[in-house]
Amino acid sequence: MTAHDELRLLPWAGPDGKPCYLSTDDHGGYVSRLADHIEAFQLGMASQLLEHSGQVLDDETEDPEELNLLAAQLTSALRDVLRVATSRGRRPVAPGHP
């Protein structure tokens, strides 16, 4: 088992929305790889959403439902990106790992 400083914050929440952590020295293990893939997906979705939000705002839409949905999606994406940033800030990057 690794020290608390070496725990990896996973990109999903546990029961009751509490953070999940992984304690392992195996950066190539199944859960580590799964977390890497989910983080990449979340970052890609955030990037696409940012592009979409620019288009919506450029259209100067006055549809409150569309703007409300966009705000909710941006909030969710920001939460995911902050979790990824926090996770990556806490763990060392393995050799050959992006």
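Good morning. I begin with Leu34, which has its place in helix H1. The model before you is a predicted one, and Leu34 offers a convenient way into it. Is Leu34 buried or exposed, or something in between? Its relative accessible area is 33%, so Leu34 counts as partly exposed. Together with Tyr30 and Val31, Leu34 makes a nonpolar surface patch of about 270 Å².

Let me now turn to the overall plan. The protein has two helices and two strands, and from the N terminus on the order of these elements is β-β-α-α. Of its 98 residues, 27% count as buried. The accessible surface comes to about 7000 Å², and carbon and sulfur atoms account for 57% of that surface.

A word on confidence is in order. The average pLDDT of the protein is 83, and 85% of the residues score at least 70. Among the elements, the highest mean pLDDT, 91, belongs to helix H1, residues 30–58, whereas the lowest, 88, belongs to helix H2, residues 64–90.

Next, the strands. Strand S1, residues 8–13, runs antiparallel to S2, and three bridges join the two. Within this pairing, Leu9 stands opposite Tyr21 in S2. Five residues lie between the strands of this hairpin, where Asp16 takes a positive phi near 60°.

Which side chains of strand S2, residues 19–22, point to which face? Cys20 and Leu22 point to one face and are buried, while Pro19 and Tyr21 point to the other face and are not buried. For the newcomers among us, in a regular strand the side chains alternate between the two faces of the sheet.

Finally, I return to helix H1, this time to Ala46, which also has its place there. Why is Ala46 called buried? Its relative accessible area is 15%, and the cut-off for buried is under 20%. Which residues does Ala46 contact, once its neighbours within four places in sequence are left aside? They are Ala77 and Val81. Ala46 and Asp80 are 34 residues apart in sequence, yet their C-alpha atoms are 8.3 Å apart in space.

The protein as a whole can be viewed in these terms too. Among contacts between residues at least 6 apart in sequence, 51% join residues at least 24 apart.

To close, I would ask you to keep two residues of helix H1 in mind: Leu34, which is partly exposed, and Ala46, which is buried. Thank you for your attention.

How values were computed
Residues numbered from 1 in each chain as written. Predicted model: local features only at pLDDT ≥ 70, side-chain atom pairs only at ≥ 80, totals over all residues. Heavy atoms only, no water. pLDDT = per-residue confidence, 0-100. Helix = DSSP H or I, 4+ residues; strand = E, 2+ residues; numbered from the N terminus. Buried < 20%, exposed > 50% of the residue type's maximum accessible area, 1.4 Å probe, protein only. Pairing = 2+ DSSP bridges. Contact = heavy atoms within 4.5 Å. Patch = residues over 30% accessible without salt bridge, like charges linked within 9 Å, V, L, I, M, F, W, Y side chains within 5 Å. Areas by Shrake-Rupley, 256 points an atom, 1.4 Å probe, with all protein chains shown as cover. Salt bridge = Lys/Arg side-chain N within 4 Å of Asp/Glu carboxyl O.
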